[in-house]
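Student: I'd like to learn how to read a protein model. Can we go through one together?
Tutor: Sure, let's look at it and take your questions as they come.

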Amino acid sequence: FFSTRAEPLPALLAKMDAIKLAIVMKVIGRTGSRGQVTQVRVKFLDDQNRQIMRNVKGPVREGDILTLMESEREARRLR
């Protein structure tokens with residue numbers, strides 16, 4: 001949230017409301033042209049019934065908690 005330009009307070013608060021926490025339930029596999037992205041299934045902490053697949057760049061393992069800036073988009077399945 002730190003930027004060089006000043007953001008209005010309502011816009012900053014709206015961004016903070018959009019942040020969702022999700023726990024990694026299962027690591028599905030590696031993807032990307034060089035295998036730099038890991039595909040995982042996550043469960044949202046605020047809505048226990050909702051699970052989606054996401055692509056994660058960087059180290060990740062089961063039980064990790066991800067901070068998702070955008071929670072509507074789901075990753076396509078690995079082939």
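Student: Which residues make up the largest nonpolar core?
Tutor: Keep in mind that this is a predicted model. In general, a nonpolar core is a set of buried residues of certain kinds, such as Val, Leu and Phe, joined through their side chains. Here the largest one has 10 residues: Ala22, Val24, Val40, Val42, Phe44, Ile52, Val56, Val60, Leu66 and Leu68.

Student: Which elements give two or more residues to this core?
Tutor: Strand 1 (20-31), strand 2 (37-44), strand 3 (51-57) and strand 4 (65-68) do. Strand 2 gives the most, with 3 residues.

Student: What pattern does the protein chain follow along the sequence?
Tutor: Try reading the elements in order: you get α-β-β-β-β. That's 1 helix and 4 strands.

Student: Back to the core, what does Leu66 touch?
Tutor: Skip residues up to four places away in sequence, and you find Lys20, Leu21, Ala22, Val24, Val40, Val42, Val56 and Val60.

Student: Is Ser71 buried or exposed?
Tutor: The idea is to check relative accessibility against a cut-off: buried means under 20%. Ser71 has 7%, so it counts as buried. You'll find Ser71 in the segment after strand 4. Leaving aside neighbours within four places in sequence, Ser71 is in contact with Lys20, Phe44, Arg50, Ile52 and Arg54.

Student: How much of the protein chain counts as buried?
Tutor: Of its 79 residues, 24% do. As for the accessible surface, the protein chain has about 6200 Å², and 52% of that belongs to carbon and sulfur atoms.

How values were computed
Residues numbered from 1 in each chain as written. Predicted model: local features only at pLDDT ≥ 70, side-chain atom pairs only at ≥ 80, totals over all residues. Heavy atoms only, no water. Core = buried A, V, L, I, M, F, W, Y, C linked by side-chain atoms within 4.5 Å. Buried < 20%, exposed > 50% of the residue type's maximum accessible area, 1.4 Å probe, protein only. Contact = heavy atoms within 4.5 Å. Areas by Shrake-Rupley, 256 points an atom, 1.4 Å probe, with all protein chains shown as cover.
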